[in-house]
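Okay, thanks everyone for coming. Let me get the structure up on the screen and then walk you through a few spots.

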Amino acid sequence: MGPLRGTLAIPGDKSVSHRAVMLAALADGTSTIDGFLEGEDTRATAAIFARLGVRIGTPSPSRRIVHGVGIDGLQAPDGPLDCGNAGTGMRLLAGLLAAQRFDAVLVGDASLSKRPMRRVTVPLAAMGARIDTADGGTPPLRIHGGQRLVGAEHTLEVASAQVKSALLLAGLYAAGETVVREPHPTRDYSERMLAAFGVEIDFAPGYARLRGGQRLRATDVAVPADFSSAAFFLVAASIVPGSELRLRQVGLNPRRTGLLHALRMMGADIREENPASHGGEPVADLVVRHAPLRGIAVPEALVPDMIDEFPALFVAAACAEGVTRVSGAAELRVKESDRLAVMAAGLRALGLRVDETADGATIHPGSLQGGAVCSHGDHRIAMAFAVAAQCAAGAVRICDVANVATSFPGFDALARQAGFGLA
């Protein structure tokens, strides 16, 4: 396996792409979105808004022209709305659709249909929403229209940017103020973008407040490169000897970059160059060079800011000198898969010792061997093991990889461009 080299353009941020389409659809006027992620998840969200009566043009790949219908202009769909694999899309839409005058049903694929939704339906019910779930609190979500929502103060038990965002979207329609407080700060994409669309919103780490009845003003959005997608290349270049990669204009939202801090604690050589701001989101080129990594105890304070990047971190830990310990990450058990269990099983299949706990794991140093691993339909697991394969002593076979297209279309081509060895 040779070194990884080159300058890469990572696809647009998935979280920003979802929110840009949603807010542009609700705005008065026409918005242009550049850098839109052409993934299955984000396309599913755009398709849903088209079925809700929003005209969305695609003049070229990664560009959308959204003709907003205003805060009260959505129309009743002609059947269930398919979110695909998009947990972000489903949870945010639950908040938005709870306030409409019409009924709606949100469905998803097999993976999304197993994910917990009561964490969003219960606080929405406190605002007056009526949403039915399947047994166990999972999708489909049957949303009853015509409800009068009232603003409320929410103190979340589990920090979740998706739940927070759903409550804020419902709050746009609610009488009075909606306040959300979190046990730990989460990503503030929704707050920043609401402000960009002209909404008066007060927010700080772990806190957000807005009043209902406001209208949104169309604006153009430049979507930064997705940090979660960049994470796989940051780890790959760190662990493959002789590597140096430049990742262009990656989003560096401070609530998103826990992995960057963790990798630097492990000894990674990652520099930020050409800083800028895209629509209120900080961005920079990330230049990463190979460096020997050492195991660490990951600070729990970083966990909420890297919850989607743990599969990549596990691979970095597998290639580090010394033990790496993760705790406070129980949320990983309710992502697209039980990421703690699936990553632990996969690393064990490649010859490493991994001890699981209820909310984390201990990864012991060792030598990665060839073997077969299963992603269980989780796109980030599949990409993480593609990175691990670059340092394994034998071939690594990864099954169930179709969902990579949900978040990172073109991963295979970009990885080959960088020098990955992929069959």
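I'll take a helix pair, then a single helix, then one residue in a strand. Keep in mind that this is a predicted model.

So, the helix pair. Generally, two packed helices get described by the angle between their axes and the distance between those axes. Here we have α3, residues 87-97, and α5, residues 161-171, with axes that come within 7 Å and cross at roughly 30°. Anything under 35 degrees counts as roughly parallel, so that's what we call α3 and α5. The crossing of α3 past α5 is right-handed. Who's touching whom? On the α3 side you've got Gly 87, Thr 88, Arg 91, Leu 92, Gly 95 and Leu 96, and they meet Gln 162, Ser 165, Ala 166, Leu 169 and Ala 170 from α5. By class, that contact is five nonpolar, five polar and one charged.

Next, α13, which covers residues 411-418. Which of its residues are buried? Phe 411, Leu 414, Ala 415 and Ala 418. Look down the axis of α13 and those buried residues sit within an arc of 100°, so they line one face of the helix. What they pack against is β1, α7, β14, α11 and α12. Right after α13 comes Gly 419, with a positive phi near 115°.

Last stop: Thr 362, in strand β19, residues 360-363. Buried or exposed? Its relative accessibility is 15%, and the cut-off for buried is under 20%, so Thr 362 counts as buried. Leaving out residues up to four places away in sequence, Thr 362 touches Val 323, Thr 324, Arg 325, Arg 353, Val 354 and Asp 355.

Okay, that's my tour.

Definitions and conventions:
Residues numbered from 1 in each chain as written. Predicted model: local features only at pLDDT ≥ 70, side-chain atom pairs only at ≥ 80, totals over all residues. Heavy atoms only, no water. Axes fitted to C-alpha atoms, helices over the stretch in contact; angles between N-to-C directions. Helix = DSSP H or I, 4+ residues; strand = E, 2+ residues; numbered from the N terminus. Parallel < 35°, antiparallel > 145°, perpendicular 65-115°, else oblique. Left-handed = near helix turned anticlockwise from the far one by under 90°. Contact = heavy atoms within 4.5 Å. Nonpolar A, V, L, I, M, F, W, Y, C, P; charged D, E, K, R; others polar. Buried < 20%, exposed > 50% of the residue type's maximum accessible area, 1.4 Å probe, protein only. Arc of directions from axis to C-beta.
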